[in-house]
Amino acid sequence: MTSSPERFVDWFRAAAPYIYAFRGRTFVVAFGGEVVADGKFVALTHDLNLLASLGVRLVLVHGARPQIEAQLKSRAIRPRYVRGTRVTDEAAMQCVKQANGQLRVEIEALLSMGLPHSPMANATIRVAGGNFVVARPRGVVDGVDMQFTGEVRRIHADAMRQRLDAGELVLVSPLGYSPTGEIFNLTLEDVAVETAIALGADKLVFLIDAAGVADDRGNLMHELTVSQAQSRLTEGDVGARDVQVHLRAATRACRGRVARAHLISRHVDGALLLELFTHEGVGSMVSQDPLEQLRPAGIDDVGSVLQLIEPLEADGTLVKRSRELLEIEIGRFFVLEHDRMIVGCAALYPFSDEGAGELACLAVHPEYRNAGAGERLLRRVESEARRLGMTRLFVLTTRATHWFIEHGFTESTVDALPASKQALYNFQRRSKVLVKSS
């Protein structure tokens with residue numbers, strides 16, 4: 001009975017940095033009409049309500065392809081596509097307007113639910129809409145006049161921000177309007193990307209059919225930089241067309257300075273929360289730059305480093321450091337940061353008179369210990385030691401002797417330590433002494 005509450009506490013603590021970081025941020029969430037048609041939008045509204053209650057500014061962009069197809073079928077109109085994009089003639093446009101209008105009303109109704117004993121109980125989500133999207137005709141593609149099929153010309157971002165500032169959720173349909181009063185049928189991806197770019201959104205999230213982007217072995221790629229995503233698109237190694245379309249859109253958004261773009265499965269209940277509030281996520285995330293950064297620590301990192309090393313101090317793996325001491329010595333530390341979270345640290349203490357340095361306080365978050373984080377920290381410390389002219393590196397450890405030996409250290413004695421360090425050696429702790437030439 002105790003394991004379940006403990007897991008909840010662990011999860012909640014792990015999610016806390018994201019909860020703090022997301023308050024006041026703008027997220028654009030895009031989903032096809034299939035989410036509503038399949039009855040999955042009710043569960044999604046619960047997750048959206050939770051995000052809104054945490055202070056996230058939400059813009060929803062919906063598609064309507066299955067609803068449009070149903071309207072065309074009911075009128076015996078055969079759909080036409082060019083390069084996967086619908087050709088919208090006058091008859092099809094009537095279906096597009098009707099499908100989007102009905103779907104929008106249904107989405108607004110579901111977002112307004114306040115059912116007791118449900119995650120939406122007492123929900124106060126207010127939905128805003130408007131003519132936020134200015135469009136233009138797509139023109140002729142491969143010799144075919146696309147007619148009322150258009151593309152985004154401009155997003156009225158200031159008008160959207162006013163609604164977001166008022167605490168409202170903005171709902172955007174894949175329709176655009178021209179200055180001359182024409183209506184154009186747009187793609188979900190185009191509207192979502194241009195909206196995210198215009199707002200300077202922190203995240204753009206696509207709910208898609210696939211789990212995300214797979215690597216050459218079929219394994220889910222949780223993280224890609226823009227350059228990695230572009231390489232896979234160029235090589236054609238991303239699988240289904242659904243993934244290709246959305247990965248191309250995610251890449252375009254990040255090139256437009258959207259910080260993160262996510263591709264997650266619409267079939268997984270709670271995928272939105274799992275992607276946003278867990279370290280690894282459940283989909284594929286595209287970012288402008290690598291998420292991992294190994295850098296010198298600063299005073300603002302003290303709290304995170306303490307949180308990382310406290311469990312190791314409690315079980316005796318590391319010698320306990322007070323916050324005051326850590327604040328004084330933080331300039332000796334390097335930290336490994338993953339998506340703005342400190343997941344590893346290590347310190348280098350110089351003994352300049354003897355050309356030696358001590359590697360100390362090497363700690364890695366449990367979820368990153370099998371991903372080479374320790375090795376990267378070790379290499380950074382070794383590089384710094386060489387830069388400072390140190391000829392050897394030593395470490396004292398009670399638990400990780402084999403790991404250090406595997407990485408080039410050899411076991412030695414207390415006599416191998418610098419004289420000033422020998423005087424401080426704790427014979428009760430009986431730490432192993434390991435040395436490596438740097």
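**Close-up 1. Contact of helix α6 with helix α7.** In this predicted model, Ala157, Met160 and Arg161 of α6 meet Thr195, Ala198 and Leu199 of α7, where contact means heavy atoms within 4.5 Å. Helices (H or I, at least four residues) and strands (E, at least two) are DSSP runs, numbered from the N terminus. The axes of α6 and α7 come within 9 Å and cross at roughly 75°; axes are lines fitted to C-alpha atoms, for helices over the stretch in contact, and angles run from 0 to 180 degrees between N-to-C directions. That crossing makes α6 roughly perpendicular to α7, given that angles of 65 to 115 degrees count as roughly perpendicular, those under 35 as roughly parallel, those over 145 as roughly antiparallel and the rest as oblique. By class, the contact of α6 with α7 has four nonpolar, one polar and one charged residues; Ala, Val, Leu, Ile, Met, Phe, Trp, Tyr, Cys and Pro count as nonpolar, Asp, Glu, Lys and Arg as charged, and the others, Gly among them, as polar. Residues are numbered from 1 along each chain as its sequence is written, and side-chain values use heavy atoms, with hydrogens and water left out. Because this is a predicted model, local features need pLDDT of at least 70 and side-chain atom pairs count only at pLDDT 80 or more, whereas totals for chains, interfaces and linings use all residues.

**Close-up 2. Helix α7 against helix α9, with a salt bridge between them**. Helix α7 (residues 188-199) packs with helix α9 (residues 241-255) at an angle of about 20°, and their axes are 9 Å apart. That makes α7 roughly parallel to α9. The crossing of these two helices, α7 and α9, is right-handed, and a crossing is called right-handed if the near helix is turned clockwise from the far one by less than a right angle, and left-handed if anticlockwise. On the α7 side the contact is made by Glu189, Asp190, Val193, Glu194 and Ile197, and on the α9 side by Val245, His246, Ala249, Arg252 and Ala253. These residues of the contact of α7 with α9 divide into five nonpolar, one polar and four charged. Arg252 forms a salt bridge with Glu194, the closest N and O atoms being 2.7 Å apart; the term denotes a side-chain nitrogen of Lys or Arg within 4 Å of a carboxyl oxygen of Asp or Glu. The pair links distant parts of the chain, with Arg252 in helix α9 and Glu194 in helix α7, 58 residues apart. By this rule the count comes to 24 salt bridges.

**Close-up 3. Contact of helix α8 with helix α9**. The axes of helix α8 (residues 226-235) and α9 come within 10 Å and cross at roughly 145°, and α8 passes α9 in a left-handed crossing. Val226, Ala229, Gln230 and Leu233 in α8 meet Gln244, Leu247, Arg248, Thr251, Cys254 and Arg255 in α9. The residues of this contact of α8 with α9 divide into five nonpolar, three polar and two charged.

**Close-up 4. The open sheet of eight strands and helix α6**. The strands follow the order β5-β10-β2-β1-β13-β15-β16-β14, with mixed pairing; two strands pair if DSSP finds at least two bridges between them. The edge strands are β5 (127-128) and β14 (223-225), each of which pairs on one side only. Strand β1 (residues 26-31) and strand β13 (residues 203-208) pair in the parallel sense over five bridges, and the bridge partner of Phe27 in β13 is Lys203. Helix α6 (residues 157-165) lies across β1, β2 (57-62), β5 and β10 (169-172), running at about 125° to β2.

**Close-up 5. The open sheet of seven strands, with Thr410 in strand β22**. Here the order is β17-β18-β19-β20-β21-β23-β22, and the pairing is mixed. The edge strands are β17 (292-296) and β22 (410-412), each pairing on one side only, and the twist averages 30° from one strand to the next. Helix α11 (residues 302-314) packs on the sheet, touching β18 (333-338), β19 (341-351) and β20 (356-364), and its direction makes about 85° with that of β19. β22 and strand β23 (residues 432-437) pair in the antiparallel sense over three bridges, with Glu411 standing opposite Leu434 in β23. Thr410 touches Val433, Leu434 and Val435, not counting residues up to four places away in sequence. The C-alpha atoms of Thr410 and Val433 are separated by 8.4 Å, these residues being 23 residues apart along the chain.
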